[in-house]
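Hi everyone, thanks for making time for this. Please have the sequence and the 3D view open while I talk.

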Amino acid sequence: MFKSGRTSLRLSLQFAFLYSVLSAVIFAGAYWFSNYEVRDWLHDQMNSDREILLEIFEENGIDDLVKSVDVMARVNFENARIFQLLGPDGTVLAGNITQIDGEEQREYVSAENVFIIGEHEEEISGYWIIDEKFGQYTLVQGTGNHVIAEVLEALGISLVSGFILIMGIGSFAGVWVGRLTEQRIEAISTTMEEVADGKLAARIPIDETSNDDLDRVSTSINNTLEKLENLMESQVQISNDIAHDLRTPLQRLRQRLEKMANQQAVDTNEAVVALAQTEDIINTFNALLRIAQIEAGDRRERFRRTDLRDLVINVYDAFEPTAEDAGQQLRLKISDQPLYVLGDSDLLMQLISNLVENALRHTPEGTIISMEASFSNGAPLLCIADTGPGIAREDREKVFRRFYRGEKSRTSGGNGLGLSLCKAIAELHYAELMVSDNQPGVRILVDFPPAAD
């Protein structure tokens with residue numbers, strides 16, 4: 001149910017009111033400015049007539065001035081313009097003004113105080129007056145205020161109508177925008193309530209044709225919910241994997257310990273095997289804990305610019321004798337230029353070691369394992385490839401899951417966490433870990449972002 005007290009509607013109406021107030025101020029300013037400009041134009045017109053009459057007086061004398069004033073007084077429409085020419089003794093020589101009552105210093109005189117030959121124009125309620133000396137003579141001019149009144153009346157009607165229209169449209173738009181905004185906020189709130197109730201698959205509906213702030217916020221929330229859903233699914237999967245993969249070794253350890261408990265003298269070999277099984281379980285939990293710590297991003301404060309070539313060479317030196325003893329070949333190819341990456345050198349060393357160790361463990365005698373560090377599109381690239389049996393296409397994404405072991409690796413050692421750890425380290429360093437076919441064998445690429453200078 002939409003409520004008028006909601007924040008979005010209240011803000012919309014407040015902005016509509018603000019726009020209305022601003023419009024009223026602007027309209028008032030326009031009204032005042034128009035009044036000023038029309039009055040200025042009327043004075044300019046009277047000054048222009050004064051200059052014409054002054055020129056006639058200076059060139060032709062008083063007689064032509066009298067005739068000209070009488071002509072101007074007669075030709076104006078309904079006495080909208082009034083003229084009076086006074087002699088040295090105050091005698092009216094020409095014009096349509098017979099008398100003006102009021103103070104001598106005057107600028108605006110009411111029509112009631114101006115006596116003229118003929119009738120006043122109905123809309124004239126006063127005259128703007130100017131006096132000018134032509135030698136011993138005085139010229140009085142006046143212009144009715146009906147022009148200003150008509151202009152301001154039309155302008156006032158337009159401005160008031162426009163203001164009312166803006167108020168109406170602004171209020172309607174405010175309510176409409178507030179309603180739409182509230183509906184979208186309500187959709188966000190409803191989605192978050194569904195998520196709080198455990199429906200992690202709930203998403204906020206987004207209009208693909210729009211790209212405003214609420215859409216961007218909704219997109220960010222949806223992305224966060226998707227990551228949360230994936231994380232929860234991953235946690236469920238991890239719990240299931242832990243229960244499934246650790247149950248067997250724990251049962252075997254328990255059986256062995258029960259057997260030892262029933263013995264009068266503890267068999268040393270049995271104790272050694274039990275200790276080895278315990279160590280394997282502890283190592284598995286330590287690997288899980290390490291993956292969790294890495295995924296939390298706790299190690300990023302230790303990031304430094306590191307030359308990837310040095311790490312690759314160290315891993316090669318460490319595993320080359322092992323490969324030779326197993327009848328495998330470990331080959332090295334590195335760039336002549338430094339391959340700087342921003343990261344934790346210890347974790348990067350473990351990443352490379354795990355990839356090489358995984359290749360050595362899961363490939364037969366005679367396999368060639370290649371280690372290559374080079375540039376790709378201006379960024380460091382690590383490639384570990386082998387000529388072994390490879391990984392089935394449907395298993396290439398699964399190999400990074402915790403405890404996952406393909407059918408070909410069931411008989412080999414390990415706990416199924418090596419590549420999961422590699423994945424976590426790569427994501428910590430914003431690198432992309434990819435598996436592809438080496439024809440034959442498998443190729444694993446680690447595409448690092450370029451390190452900042």
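I'll go through the salt bridges, then one helix, then the surface.

A word on the ground rules: this is a predicted model, where local features need pLDDT of at least 70, side-chain atom pairs count only at pLDDT 80 or more, and totals for chains, interfaces and linings use all residues. Residues are numbered from 1 along each chain as its sequence is written, and side-chain values use heavy atoms, with hydrogens and water left out.

So, how many salt bridges does the structure hold? There are five, where a salt bridge is a side-chain nitrogen of Lys or Arg within 4 Å of a carboxyl oxygen of Asp or Glu. One of them joins the side chains of aspartate 49 and arginine 81, at 2.7 Å from N to O. Aspartate 49 sits in helix 1 and arginine 81 in strand 1, so to speak two distant parts of the chain, 32 residues apart. Helices (H or I, at least four residues) and strands (E, at least two) are DSSP runs, numbered from the N terminus. Both partners are buried; that word means under 20% relative accessible area, while exposed means over 50% and partly exposed is in between, with a 1.4 Å probe and protein chains only.

Next door in sequence, Arg50, Glu51 and Glu132 form a network of salt bridges. Arginine 50 meets glutamate 51 at 3.9 Å and glutamate 132 at 3.8 Å. Because arginine 50 lies in helix 1 and glutamate 132 in strand 6, that second pair ties together parts 82 residues apart in sequence. Arginine 50 counts as buried because its relative accessibility is 16%, whereas glutamate 132, at 29%, is partly exposed.

Now find helix 8, residues 418–428. Eight of its eleven residues are buried, among them Cys422, which has 0% relative accessibility. Just after this helix comes tyrosine 430, with a positive phi near 55 degrees. And disulfides, meaning pairs of cysteine sulfur atoms within 2.5 Å? The whole structure has zero.

Last, the surface. Phe15, Leu18, Tyr19, Leu22 and Ile26 make a nonpolar patch of about 520 Å². Patches use residues with over 30% relative accessible area and no salt bridge, joining like charges within 9 Å and nonpolar side chains (Val, Leu, Ile, Met, Phe, Trp, Tyr) within 5 Å. Phenylalanine 15 belongs to helix 1 and is partly exposed at 45%. There is also a negative patch of Glu122, Glu123, Glu150 and Glu153.

Methods: Areas by Shrake-Rupley, 256 points an atom, 1.4 Å probe, with all protein chains shown as cover. Lys, Arg positive; Asp, Glu negative; His and termini not counted. Charge placed at Lys NZ, Arg CZ, Asp CG, Glu CD. Disulfide = S-S within 2.5 Å.
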